[in-house]
Every structure is written in structure tokens, then in C-alpha cells.
Amino acid sequence: MRIAVTGASGFCGGEVARLAAASGAEVLCVGRRPGPVGRHVRWDAATETPDLAGADVVVHLAAAVGDPRRGAEDAFRAVNVDGARRLLDAAAGRPVVWVSSASVYRPGPYAAALTEDHPIQAQRTAYGRTKAAGEKLALAAGAVVLRPRAVYGDADPHLMPRLRRIVRGGRAWLPGPDVTLSLTDVRNLADACLTAPGWPAGAYNITDGVAYRRDEIVSSVLGVPVRHVPVAAVRALAAVAGLRPSPVLTRYTIDQVTEGMVLDISRAKAQGWKPRYTLTPSG
Ligand SMILES: NC(=O)c1ccc[n+]([C@@H]2O[C@H](COP(=O)([O-])OP(=O)(O)OC[C@H]3O[C@@H](n4cnc5c(N)ncnc54)[C@H](OP(=O)(O)O)[C@@H]3O)[C@@H](O)[C@H]2O)c1
């Protein structure tokens, strides 16, 4: 089995590439930079069509990720939508596992756990909008689309580093009241990516299968008590901070920690997949 993994130089794609190699597959890491294993096939998603020659299966994780500064939506679209189209063309009928995101769902509040039928609309960020447009193409092309939420793990470059920076004076200052939310261990996502090629085309939520209490998790992971600050005040600060590179709290991060988004993973479980890992805070 030869598996092409895009985004293998990144956090989630690297985990997928390592797991694929460990399970005996030949891995092609398709992207601008090499992955942790396998052969590198150069591809800039913003401008080029990838060379997928020899691949039996394609797992697509490359994406422009995060919360771009104002005016950067075109750059996100070039990768997450136009690059997506070029990848699907190159896949030419090969099975494609497409890693999307729970950011495509219509923002909360949510009355219950979200199934894959929750509306895909009104995303607040360029990331959410362009991921939604990309996965629409993938679904139309018959791909298996996975929707993880807030992926964490040892080399997480996004969520946990930002969370660590909210600690001030021995307290973690979190926007809004405590909520219940889903998280996805990167090892669960990688496992799902390599299991999913046999699943019927369509969208599947992928999480740890646990509804975590935000404050408990953050307090345990960061080792400090949680204090709450008003969401509106934090959003206003983030809007100003968004004018600078690398703000501590972006709209994207605020959504991740304030929206009580729990994903229903029954559809993936019905395919025989089960999350094997949950967050075990070390304190
Ligand atoms: N992390 C999360 O919480 C989370 C949650 C839900 C969904 N996801 C999805 O998971 C996937 C991977 O995210 P991640 O957290 O692993 O992000 P990441 O660490 O930032 O990795 C992004 C990957 O995309 C590649 N990429 C970006 N622009 C590219 C371009 N123009 N051409 C080719 N490759 C390009 C990067 O390559 P370079 O090394 O060249 O930059 C990198 O390999 C994404 O599709 C994301 O939407 C992530």
C-alpha cells in the first residue's frame, strides 16, 4: 500500500505519516517541506497540481491554518479551496480521505451534540469559510471527509501553546463561563485517517468521544486555577490584537474555548472505528 499524505510536515499530517509508515505502508509526503518519514514529493498547494503517481490512497491534511490577519483570506482560499480542487483533480478517482474541521459548522450556541447534519454556514473566520468551501468540493468528488475538533498532542503548534500564554499571576484567564467541549487526540485523528479509506463517502466527526469540562481540563493541563473574564471583552481585545502577528487569543482560539461544541461521533463508530486515546492531564 502506497499512501500519499499532504501536510506531512505539519502537526497532524506528521502523525498520519508516522503511523502509516509504522503500519508498513510506503509513504509519499506531498508538500512544500518533507515529512518525518517517507519520500518527499514537492507541492505548493497555492499554485501547483500535485504529482500523485503511484499512490493507492490520498490523505489530505495540507491547509492554511489559524486566524489570518485581515485581508489574508485570498491566501487561505488559494490553499484551502483552489489547492483542494487541484488535489482532487490529481487524485483522479483514487480514494481520498479529506481532513476538514469542526470549524465548518454554523457557530453556536448548541442545544445538543452536533451530528454531521448540522448546517455548514456562517463561519466566523477565513479559516472556517475556506475549509467549508474546500470540503464541499471533496464531498462532491466522493471523498471521505473527517471533521476533528481542536486537535492536541505532543507537537501541537496551535491550541496548547496559546492556552499556556493565558496564564497570568498564577491563574488561567478564560473567556466566558465553563463549557463542555470535544477535543481530538492527534493519535485518534491519525488512526481515523488510516481506517477511513474503506468508509462510505461523506462526512464524519472525529473526536476522543468524551465531552470534556473546559475549566477542569485547562486547570489540570496548565496546573493553575481558572478564572473567568467576559467573552465580549476578550473578543474586543482579540480584534485589536489581530492587527499584530501572533496574538495570544485570536477569534479562532476564543471560539475553540468558549463554544460548548460537542460532536456526535456515532457515524464514525458505526463504521467500526473507536477513539483509543483520551486526555489524561498530568497537572
Ligand atoms: N490542529 C487542529 O486543532 C485542527 C483541528 C481541526 C482540523 N484540523 C485540520 O488538520 C489539518 C492539519 O492541521 P495542523 O494542525 O497539522 O496544521 P499545521 O501543523 O499548521 O500543518 C499544516 C500543513 O499544511 C501544509 N501547507 C500549508 N500551506 C501549504 C501550501 N501552500 N502547500 C503545501 N502545503 C501547505 C503545511 O506545510 P508547510 O510545512 O510547508 O508549511 C503543513 O504541513 C488541516 O487540514 C486542518 O484544517 C486541525
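Where is the place of histidine 118? Keep that question in mind, everyone, and hello. The answer is the loop between β5 and α3, and we will come back to that loop after a look at the whole protein. One thing to say early: this is a predicted model.

Let's start with the overall picture. The protein has nine helices and 14 strands. Along the principal axes, its C-alpha atoms fill a box of roughly 55 × 40 × 35 Å. Now, why can we call the size of this chain what we would expect from a compact globule? A compact globule of 283 residues would have a radius of gyration near 19 Å, and this protein has 18 Å, so the two agree. As for the inside, 46% of the 283 residues count as buried. And if you take the contacts with a separation of 6 or more, 76% of them join residues 24 or more positions apart.

Next, the interior. The largest nonpolar core has 71 residues. Those with the most contacts inside this core include Val5, Val59, Val97, Trp98 and Cys193. A separate core, apart from that one, has eight residues, among them Ile166, Ala172, Leu174 and Ile254.

Take valine 97 from the big core as an example. Which residues is valine 97 in contact with, once we leave aside its neighbours within four places in sequence? They are Val59, His60, Ala143, Val144, Leu146, Cys193, Ala196 and Pro197. If you have the structure open, try finding them one by one.

Cysteine 193 also gives us a pair to look at. Aspartate 89 is 104 residues from cysteine 193 in sequence, and their C-alpha atoms are 20 Å apart in space. Aspartate 89 sits in helix α2. Is aspartate 89 buried or exposed? Aspartate 89 has 12 other C-beta atoms within 10 Å, so it is exposed; the cut-off for exposed is 12 or fewer.

Now for a helix, α3, which covers residues 126–140. At 1.5 Å a residue, its 15 residues should span 21 Å, and the end C-alpha atoms are indeed 21 Å apart, so that agrees. Here is a handy piece of background: an α-helix has 3.6 residues a turn, so residues three or four places apart point the same way. The buried residues of α3 include Ala126, Thr130, Gly134 and Ala138. Charged side chains appear on that list as well, namely Arg129, Lys131 and Glu135. What do the buried residues of α3 pack against? Their partners are α2 (73–91), β5 (96–99), β6 (144–148) and α8 (251–258). Just after α3, glycine 142 takes a positive phi of about 85°.

Back to our opening loop, between β5 and α3, where histidine 118 has its place. Histidine 118 has 20 C-beta neighbours inside 10 Å, so it counts as buried. Not counting residues up to four places away in sequence, histidine 118 touches Tyr105 and Arg106. Valine 104 is 14 residues from histidine 118 in sequence, with 9.7 Å between their C-alpha atoms.

Proline 109 is in that loop too. The peptide bond leading from glycine 108 to proline 109 is cis, with omega near 10°.

Alanine 122 is another resident of the loop between β5 and α3. Its phi is near 60°, a positive value in a residue other than glycine. With 11 C-beta neighbours inside 10 Å, alanine 122 counts as exposed. Beyond residues up to four places away in sequence, alanine 122 touches Arg106 and Pro107. Tyrosine 110 is 12 residues from alanine 122 along the chain, and their C-alpha atoms are separated by 14 Å.

For a comparison, look at alanine 150, in the loop between β6 and β7 (151–152). Alanine 150 also has a positive phi, near 45°. Alanine 150, though, counts as buried, with 22 C-beta neighbours inside 10 Å.

Last stop: the ligand. How many residues surround the ligand? There are 28, and the closest are Ser9, Gly10, Arg32, Ala45 and Ala63. By type, the shell divides into 17 nonpolar, seven polar and four charged residues. Helix α1 (residues 11–22) gives the most to this shell, with three residues. That's my tour, so thanks for listening!

Notes
Residues are numbered from 1 along each chain as its sequence is written. This is a predicted model: local features need pLDDT of at least 70, side-chain atom pairs count only at pLDDT 80 or more; totals for chains, interfaces and linings use all residues. A residue is near a molecule or strand if its C-beta atom, placed from the backbone, lies within 6 Å of it. Helices (H or I, at least four residues) and strands (E, at least two) are DSSP runs, numbered from the N terminus. The radius of gyration is taken over C-alpha atoms; the globule rule is 2.2 Å times the number of residues to the power 0.38. Two residues are in contact if their C-beta atoms, placed from the backbone, lie within 7 Å. The expected span of a helix is 1.5 Å times one less than its number of residues. A nonpolar core is a set of buried Ala, Val, Leu, Ile, Met, Phe, Trp, Tyr and Cys residues joined through C-beta atoms within 7 Å.
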